[in-house]
Amino acid sequence: DLVSCVGWTTADELFSCSDDHQILKWNPLTSETTPVVKLPEDVYPIDFHWFPRNPSGKKQSPSESFVLTSSDGKFHLISKLGRVEKSVEAHNGAVLAGRWNYEGTALVTAGEDGQVKIWSKSGMLRSTLAQQGSPVYSVAWGPDSAKVLFSAGKQLIIKPLQPSAKVLQWKAHDGLILKTDWNSVNDLILSAGEDCKYKVWDSFGRALFSSQPQEYPLTSLAWAVDGELFAVGSFNTLHLCDKAGWSYAVEKPSTGSILSLSWCQDGSQLAAACANGQVLFGHLVEQRWDWKNLEVTLTKRRTMKVHNVLNEAQDSLEFRDRVIKASLNYGFLVAATSLQCYVFSTKNWNTPLIFDLKEGTVSLILQAERHFLLVDGGGLYLYSYEGRLISSPKYPGMRTDILNAQTVSLSNDTLAIKDKADEKVIYIFEALSGKPLGDGKPLSHKTEIVEIALDQKGLTNERKIAFIDKNRDLYITSVKRFGKEQKIVNIGTMVQALAWNDTSNILCGLQDTRLTVWYYPNTVYVDKDLLPKTLYERDASEFSRNPQIVSFVGTEITLRRADGSLVHLSISPYPGILHDHVRASRWEDAVRLCRFVKDQTLWACLAAMAVANQDMTTAEIAYAAIGEIDKVQYINSIKDLPSQESRMAHMLLFSGNTQEAETLLLQTGLVYQAIQVNINLYNWDRALELAVKHKTHVDTVLAYRQKFLQDFGKKETNKRFLQYAQGLEVDWNKIKAKIEMEIAKERERAAASPAVRT
């Protein structure tokens, strides 16, 4: 009879339930089938779900029990060996769906009577979450197990477990909704129904994708565990789709309606319950990885083909076990099988480095130039390309099963992870030691963060992290925080996706209907007004709605459009060359390049780079080239300052870092200069405070204040200034003499101690 539901325990063991009252155990490797239990004649199974595998983040152990819902209004807790531990009267009419939450602490059931109920682990009723007028066909837990998604006719409803919280409800389909699923990694929702369409939604109920109507009503769907793919089943049809919604492949098996789908934990295999009594097994093949001139394809479960498009050379790579995950970047191919990890150098495909994995299921591989990160159910492991374990970072409440490429970022010296428990926080680790960076405190933002990315090049002290928050604003900040609170600066709005370049610190992002490239994002810390001049923008409306950035290698940006097609864009090679010159301090070459290219954007980048590296001569040339005459004059005045400390302080002022400039002057004993800086900025209170504290130049501050008020025809109202001005005559000749003395003193000091250029 028809098979109603299927579910994997391990990658080599599947259980299936059928209307012939049997529960069978399958081994796809040996093609063996063994009966587990024969259910009573009046029990027709409808849905079943294995108890979660690693509720507490410990080592992954196989599930030992499952919940089975049936047409007699009961759900049954059954052990792996087939013993029925408990049967509970749950609904009037059939129990149409049953799902454990991610921790295994609660069970939700939905029935023909329109009720959604929450049960304890042992099968005790905790609460009735909802009562609808029509049957509830499908139910799913939210990623944090605090909300439940269920269908009600043509509507989808997200109901939090807390009674006072707001319920979200929207019309999702034109026909009855038969199946829903909610992924814990990407937080996206799937729905399918009798209107023959499947749709992708975000957790706020916004439609991200709607398919064309298919031939038949869609009877099943399921997310792969890592949230990158999903499958949809209907009559004699099976679709494999990307998380953005477009379809990779369509199979037409002779199975009747596909009533249930289940992905195995590692995402390499799929099982389907078919109405004609068959169980269908599928394996993912034809996955592709590109890097520069190389193309790697998984042709069979244990075979990869390498194609070099420049010289048409081909290599075949054989593996002992099936390949689960792979990544190709920075001249290395890293492939994880169910038991081992293979590291191939693109220069030599014949001798891979092989080491055994601690856990089975690798869910994510991230590469940097010097090392790579493996994420599995047990933790995070950073390996060198020689196969040596470098570190294994940990943080409180770590859940590795929900990390993906948007929430983890790796560079040569730093690892950043966005936490799921508190989405406003980014944990930052030193890659080599695995310890938290700096003072150990994570980076916090005022709103929830969606995507993070570390830049790949440059010095460790200058490492930057870019991130997009829930409002789709793009921010950048420094990873190293020296005790003080680091400025988090907004550099873009309505940003959908971002990527750093692999060879220089250039950032690209999809901004509303534009593709924007920030040639030198650090400009925002050096001269904020200059940032718009260092951008490259082009219209991105041709890439349709919601395109994604696949990679940004060299001068080529690869985008994936909403229909799944790849688009390659080239940007100017000159900013990358300019970055190389500046990294090597070849300032003359940098100026020569800008003169050759004659591009304002390039000159603006050079100006910001020169100020950041305190090369005043180059900065002067670059600012003059873009017509910023006021800044040229200011740089000239900085050059004429007598001491190195003063010059550094005024450079900090130039970049808008007033506090740092004042601190530097006070630390080096240049008190008058610190007071003068505050006078020039009209920070009168601070200038007077410094003068009184150091018992010097109080008359200078008062004289400048008096002159300022006279120029504007105002009277003094500040009590502190009135207090110190009592009985004090302002003598400008005296004050000028004092100022000249201070400058002379500074000159003598500079002459006595030869300045070291920092």
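Contact here means heavy atoms within 4.5 Å. With that in hand, the contacts of one residue make a good way in: leaving aside its neighbours within four places in sequence, Ile 557 touches Cys 508, Leu 515, Val 517, Ile 549, Ser 551, Phe 552, Val 567, His 568, Leu 569 and Ile 571. The structure is a predicted model, and Ile 557 sits in its largest nonpolar core, which has 47 residues. Along with Ile 549, Leu 578, Leu 606 and Tyr 623, Ile 557 is among the members that touch the most others in this core. Helix α4, residues 600-612, supplies the largest share of the core, ten residues. A second core, separate from this one, has 19 residues, including Ala 649, Leu 665, Ile 679 and Ala 687.

Stepping back to the whole chain, there are 13 helices and 54 strands. The C-alpha trace spans about 110 × 65 × 45 Å along its principal axes. Of the 758 residues, 53% are buried. Among contacts with a separation of 6 or more, 42% link residues 24 or more positions apart.

Back at the largest core, helix α4 also has a helix partner. Two packed helices are described by the angle between their axes and the distance between the axes. For helix α2 (residues 574-583) and α4, the axes come within 11 Å and cross at roughly 20°. Angles under 35 degrees count as roughly parallel, so α2 is roughly parallel to α4. The crossing of this pair is right-handed. On the α2 side the residues involved are Tyr 574, Pro 575, Leu 578, His 579 and Val 582, and they meet Leu 602, Cys 605, Leu 606 and Met 609 of α4. By type, the contact comes out as eight nonpolar residues, one polar and no charged. Leu 578 and Leu 606 take part in this contact, and both were named above for how many other core members they touch.

Further along the chain, a second helix pair gives another picture. Helix α8 (residues 658-667) and helix α9 (residues 671-680) have axes 7 Å apart and pack at an angle of about 160°. Angles over 145 degrees count as roughly antiparallel, and α8 and α9 are therefore roughly antiparallel to each other. Their crossing is left-handed. Glu 662, Leu 665 and Leu 666 are the α8 residues in this contact, and they meet Val 671, Gln 673, Ala 674, Val 677 and Asn 678 of α9. The tally for this contact is five nonpolar, two polar and one charged. Leu 665, on the α8 side of the contact, is also one of the residues of the second core.

Helix α9 is worth a look of its own, as it is mostly covered, with nine of its ten residues buried. The buried ones are Val 671, Tyr 672, Gln 673, Ala 674, Ile 675, Gln 676, Val 677, Asn 678 and Ile 679. What covers them includes α8 along with α7 (644-654), α10 (684-693), α11 (698-711) and α13 (732-752). Ile 679, which belongs to the second core, is on that buried list. After α9 comes Tyr 682, with a positive phi near 60°.

Positive phi turns up at two other residues, each in a loop between strands. His 21 has phi near 70°, a positive value in a residue other than glycine. The loop that holds His 21 runs between β2 (13-18) and β3 (22-27). Buried means under 20% relative accessible area, and His 21, with 5%, is therefore buried. Cys 196, also a residue other than glycine, has a positive phi near 65°. This cysteine is found in the loop between β18 (189-193) and β19 (198-201). Its relative accessibility is 13%, so Cys 196 counts as buried too.

Leu 722, in helix α12 (residues 719-725), is a partly exposed case. Its relative accessibility is 39%, so Leu 722 falls between the cut-offs of 20% for buried and 50% for exposed. Leaving aside neighbours within four places in sequence, Leu 722 is in contact with Glu 716 and Thr 717. Leu 702 lies 20 residues from Leu 722 in sequence, and the two are 9.4 Å apart in space, C-alpha to C-alpha.

Definitions and conventions:
Residues are numbered from 1 along each chain as its sequence is written. This is a predicted model: local features need pLDDT of at least 70, side-chain atom pairs count only at pLDDT 80 or more; totals for chains, interfaces and linings use all residues. Side-chain values use heavy atoms; hydrogens and water are left out. A nonpolar core is a set of buried Ala, Val, Leu, Ile, Met, Phe, Trp, Tyr and Cys residues joined through side-chain atoms within 4.5 Å. Buried means under 20% relative accessible area, exposed over 50%, partly exposed in between (1.4 Å probe, protein chains only). Helices (H or I, at least four residues) and strands (E, at least two) are DSSP runs, numbered from the N terminus. Axes are lines fitted to C-alpha atoms, for helices over the stretch in contact, and angles run from 0 to 180 degrees between N-to-C directions. Angles under 35 degrees count as roughly parallel, over 145 as roughly antiparallel, 65 to 115 as roughly perpendicular and the rest as oblique. A crossing is left-handed if the near helix is turned anticlockwise from the far one by less than a right angle, and right-handed if clockwise. Ala, Val, Leu, Ile, Met, Phe, Trp, Tyr, Cys and Pro count as nonpolar, Asp, Glu, Lys and Arg as charged, and the others, Gly among them, as polar.
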